[in-house]
Amino acid sequence: MISKKHITDRFISYVTIDTESDPASQTTPSTKKQWDLANKLVEELKAIGLSDVTIDENAYIMATLPSNIDQEVPTIGFISHFDTSPDFTGANVKPQIVENYDGKDIILSEAENIVLSPDYFEDLQQYKGQTLITTDGTTLLGADDKAGITEIVTAMEYLIQHPEIKHGKIRIGFTPDEEIGRGAHKFDVPKFGADWAYTMDGSQIGELEYENFNAAGAVVTVKGKIVHPGYAKGKMINSMYIAQDYIDALPKKETPEHTSGREGFYHLHTIKGDVEETKLYYIIRDHDKEKFEERKAFMLQMAQTINSKYNNEPITIDINDQYYNMREKVEPVMHIVDIAEEAMKSLNITPLIKPIRGGTDGSQLSFKGLPCPNIFAGGHNFHGRYEYVPVESMIKAVEVIVRIAELTASKKVK
Ligand SMILES: [Zn+2]
């Protein structure tokens with residue numbers, strides 16, 4: 001139904017435009033260059049025939065595919081982000097197309113000896129015989145999430161060209177700055193006006209996610225006292241040693257490298273310290289809201305326990321919630337997940353429903369009143385030089401979007 005060349009050309013036209021976001025910037029979008037793709041997308045959405053194509057002062061793009069049926073059915077939305085991760089360069093992306101993949105090593109760069117190998121990236125095996133788009137080993141690819149954008153645009157174009165497929169009103173939304181955690185911040189949910197939406201921002205074919213972590217960040221500050229080491233006896237307080245006690249007080253096995261599935265963790269990601277002052281930077285994650293609250297309480301309690309051994313209370317702690325598990329917002333409207341699951345099954349795609357060990361824009365949008373599960377966009381190894389996407393997975397994602405539109409219109413759901 002959808003030509004491989006057509007979708008490949010569209011994808012390449014997006015990934016060759018650098019849209020890396022920047023966490024240090026305070027503007028929206030965080031980098032000026034994101035406008036380059038945003039403006040191009042606006043023109044393209046108009047050209048394929050969508051209505052109400054808008055872009056606001058923060059580069060949030062919205063558009064409408066009007067309903068082509070008489071009865072009233074829910075308005076659904078599809079969302080993805082056009083920025084790429086600042087973890088790895090997105091400038092001068094030179095996509096390589098590997099046709100009829102033979103299941104062996106793919107040389108990304110002969111000169112730099114960079115190889116994408118199924119021995120290390122086992123997921124590659126399942127794409128034998130398919131067309132893969134890879135990097136040239138020197139940049140990321142940007143399938144996260146330009147694959148999602150490609151799929152949404154292509155699905156809307158397909159629906160416009162196939163009026164025999166009946167659907168209700170569909171809204172689409174493209175955001176900047178998802179990779180720096182701000183994609184949902186300035187998303188105008190009332191303006192979008194959908195009953196629910198899907199982010200097309202997952203990885204391998206079949207992924208369907210409506211559970212993510214509850215998340216907080218904690219900064220533990222330990223105060224010490226510097227004195228000349230030669231005269232320090234009974235006077236110097238070394239903040240680094242107290243910080244070490246604090247690190248030891250948290251459960252050693254509840255860390256990212258020892259947990260999976262629905263197990264939560266404390267993650268110490270940065271230490272900055274000298275004798276006078278040490279700062280420990282943690283993130284706290286748990287799918288379960290109660291356990292999440294317990295983890296934060298435990299961190300405060302351990303600070304108290306250690307403080308009680310000193311007369312100047314050396315430890316202070318600052319904990320800030322970052323995002324919450326969307327499950328509580330999606331479960332009351334579970335049919336929105338069921339429709340996506342049914343769409344996949346009808347296309348012979350095995351749904352992979354699992355909790356995300358992270359967050360998505362969908363979680364923030366769900367708490368802003370737009371329930372928003374996440375669907376695969378098809379790419380693998382995001383945020384680095386080994387990123388790739390099978391063209392067949394992108395085509396399947398287009399079919400899932402079309403099918404969800406069709407199913408929503410054929411059911412009496414609200
Ligand atoms: Zn993404």
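Asp83 sits in a loop of this predicted model, the one that connects strand 3 (76-81) to strand 4 (96-98). That residue is a good place to begin, since UniProt has something to say about it. In an unreviewed entry, UniProt places the feature "active site" at Asp83 and Glu178. The two positions span 96 residues in sequence, yet their C-alpha atoms are no more than 6.7 Å apart, so they gather at one spot.

Now step back and look at how the chain is divided. Domain 1 is built from two stretches, 4-211 and 326-410, while domain 2 covers 214-323. Taken over C-alpha atoms, the centres of the two domains are separated by 37 Å. Where they touch, domain 1 contributes five residues and domain 2 contributes four. On the domain 1 side of that contact you will find one nonpolar, three polar and one charged residue.

Next, let us turn to a pair of helices. Helix 1 (residues 4-15) and helix 3 (residues 143-161) have axes that come within 9 Å of each other and cross at roughly 135°. Because of that angle, helix 1 counts as oblique to helix 3. The crossing of helix 1 and helix 3 is right-handed.

Which residues make the contact? From helix 1 come Ile7, Arg10, Phe11, Tyr14 and Val15, and they meet Lys146, Ala147, Ile149, Thr150, Val153 and Thr154 of helix 3. Sorted by character, the residues of this helix contact are seven nonpolar, two polar and two charged.

Technical notes
Residues are numbered from 1 along each chain as its sequence is written. This is a predicted model: local features need pLDDT of at least 70, side-chain atom pairs count only at pLDDT 80 or more; totals for chains, interfaces and linings use all residues. Axes are lines fitted to C-alpha atoms, for helices over the stretch in contact, and angles run from 0 to 180 degrees between N-to-C directions. Helices (H or I, at least four residues) and strands (E, at least two) are DSSP runs, numbered from the N terminus. Angles under 35 degrees count as roughly parallel, over 145 as roughly antiparallel, 65 to 115 as roughly perpendicular and the rest as oblique. A crossing is left-handed if the near helix is turned anticlockwise from the far one by less than a right angle, and right-handed if clockwise. Two residues are in contact if their C-beta atoms, placed from the backbone, lie within 7 Å. Ala, Val, Leu, Ile, Met, Phe, Trp, Tyr, Cys and Pro count as nonpolar, Asp, Glu, Lys and Arg as charged, and the others, Gly among them, as polar. Domain bounds come from an automatic or database domain assignment. UniProt positions are given in the numbering used here, feature names are shortened, and annotations may be inferred rather than shown by experiment.
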